[in-house]
Amino acid sequence: MAEPPQIVWFKRDLRVHDHAPLAQAAARGPIIPLYIAEPGLWREPDASGRQWAFIAEALAGLGRDLAALGAPLVVRTGDAVEVLESLRAQFGVTRLWSHEETGNGWTFARDKAVAAWARGSGVEWREERQTGVIRRLKDRDGWAKKWDAFMAAPASSAPARIEGVDIDPGAIPAARDLGLADDSCPGRQAGGREAGLAELRSFLAGRGRDYRRGMSSPVTGFEQCSRLSPYLAFGAVSMRETAQATWARLRELKTEKSPDAKPLRASLVSFSGRLHWHCHFMQKLEDAPRIEFENMHRAYDGMREALDAARLAAWAEGRTGFPFVDACMRALVATGWMNFRMRAMLMAFASYHLWLPWRATGLYLARVFTDYEPGIHWSQTQMQSGTTGINTVRVYNPVKQGYDQDPTGAFVRRWVPELAALPDAFIHEPWKWDGAARLDYPPPIVDHVSAAKEAQSRIYGARRSREFYAEADAIQEKHGSRKSGLPNTGRRKRPPAAGQMALNFTEGETD
């Protein structure tokens, strides 16, 4: 009797290379390469049209790659359990393959439903690991060494040939078919594996030469950062491929004598460390899915609950009256991307200066990020809002950041054209200009110095108890990095004594 076809379910792994489920299934017999466009997922408040547009382009490329191997990509729109059951009933499927996924709360619930269906239907569901995230991790000891070992393992080659089945492949739905609103993003990166590999090649070849120096500023970050984040988020390029290509380039640079070899090597060493951080933050959500919705440290419950809709709108629209903040937000909305330090500043400004709930602002940022990765996003949202209990409270001075990161005002003038004619001396503080009243630009939404001071007072006020530190120690034990490969993120300090509160206008990019 012929082997019944197996389903290889593509989710956030839109590639044929370094795809263990595909390679293993293809070696066993015929397969149905399946992608399910789930309307329920795209109705979630963290989903957006720009994300789907990126995925649709990646799916088109994946479809071409699969067709060249002998089997079409099968696309179905609907509920995952219903789609899988329909294919099981039609083809007698007894085995389902996929990668493990650290997604949002909706995908977590969906995977539990799929697992229940598989058990009840006699279908073996094999999930393979694809990142440094470890499911059912007992503790963080040795985590970085495990990451290194996993990334160093040989990548799965694409199958030489795939045996498919006679099936209607279906079509990739349009955004409107999934209930998604129009989402103009003219500067969005193109989706698909080829675009991702082009970014990786150019970065390693020399574009990343000034990465260490240029990644902090949006003026230079668009060119000097790797720009791989959306391709890693949706799996068009794997983390293992990226790590191994980086390591190979580092070995080459050891023997190169060109003037660019030394600075490029130093930048790639830094980049390699940040690949660890990618999975480190995802591991937090894997271990504690509740942090998508609840404060990591419960001492902050009830502290920042009221939502000021006018402040939220001003922040989201880039109309806060702080030119550098507004320029960063407008650039993000138009491109779907922003360098890490400015992402942190935008979140911190919303959380501290505007005192907005992190869940509301986090959802907005999730939608405008083309590279939305739930594990990184929600861990960082809480970290930059001061609710982890274990990280330094980082309040970015929105004026000083402008002077430091955009000293000539070129970035502000590009994205806030209302200020284009402003004298250089006032580009980051237009309210000080004697012609400010004539500008089509709002005054500062808050006094940033007093707002920051009040926010820090509130945040540190929650730390003044033994109970706080007992819970913080438990959080550090569960989620904190260790010395084996990653610097410690748990640099907690007891708050200063009354009357000694000092503003922490941090210059650091991340803990």
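Analyst: Buried means under 20% relative accessible area, exposed means over 50%, and partly exposed covers what falls in between, with a 1.4 Å probe and protein chains only. The model is a predicted one, in which local features need pLDDT of at least 70 and side-chain atom pairs count only at pLDDT 80 or more, while totals for chains, interfaces and linings use all residues. Residues are numbered from 1 along each chain as its sequence is written, and side-chain values use heavy atoms, with hydrogens and water left out.

User: Why is V114 called buried?

Analyst: The relative accessibility of V114 is 0%, which lies under the limit for the term, and therefore V114 counts as buried. V114 belongs to helix α5, residues 105–121, where helices (H or I, at least four residues) and strands (E, at least two) are DSSP runs numbered from the N terminus.

User: Which residues does V114 touch, leaving out those up to four places away in sequence?

Analyst: Taking contact as heavy atoms within 4.5 Å, V114 touches W9, A80, V81, L84, L96 and W125. One of these partners, V81, is 33 residues from V114 along the chain, and the two C-alpha atoms are separated by 5.7 Å.

User: What makes W378 buried or exposed?

Analyst: W378 has a relative accessible area of 0%, so by the cut-off the residue is buried. W378 lies in helix α17, and beyond its neighbours within four places in sequence W378 is in contact with I291, E292, W358, R359, G362, L363 and Y372. The C-alpha atoms of W378 and R290 are separated by 9.9 Å, with these positions 88 residues apart in sequence numbering.

User: Where is V395 found, and what accessibility class does it have?

Analyst: V395 is found in the loop between α17 (374–385) and α18 (398–405). Its relative accessibility of 1% is under the limit, and V395 is therefore classed as buried although the residue is in a loop. From V395 to R207, 188 residues apart along the chain, the C-alpha separation is 31 Å.

User: Why is E252 called partly exposed?

Analyst: With a relative accessible area of 43%, E252 falls between the two limits, so the intermediate class applies. E252 lies in helix α11, residues 239–255, and its C-alpha atom is 9.3 Å from that of R265, which is 13 residues away in sequence.

User: What makes the phi angle of R136 worth a remark?

Analyst: Most residues other than glycine have a negative phi. R136 is not a glycine, yet its phi is positive, at about 55°; R227, also not a glycine, has a positive phi of about 65°. R136 sits in the loop between β5 (124–128) and α6 (143–152), and R227 in the loop between α9 (218–224) and α10 (229–233).

User: Are R136 and R227 buried or exposed?

Analyst: R136 has 71% relative accessibility, which is over the limit for exposed, and so R136 counts as exposed. R227 has a relative accessible area of 10%, which is under the limit for buried, and so R227 counts as buried.

User: Why does the radius of gyration agree with a compact globule?

Analyst: The radius is taken over C-alpha atoms, and the globule rule is 2.2 Å times the number of residues to the power 0.38. For 511 residues a compact globule would have a radius near 24 Å, and since the chain has 24 Å, the value agrees. The C-alpha atoms fill a box of roughly 85 × 50 × 50 Å along the principal axes, and the chain has 21 helices and 5 strands. Buried residues make up 58% of the 511 residues.

User: What pLDDT does the chain have, and where does pLDDT stay under 50?

Analyst: pLDDT is the predictor's confidence in each residue, from 0 to 100. The mean for the chain is 93, and 94% of its residues reach 70 or more. Over residues 484–511 pLDDT stays under 50, and for this stretch the model has 88 contacts beyond four places in sequence.
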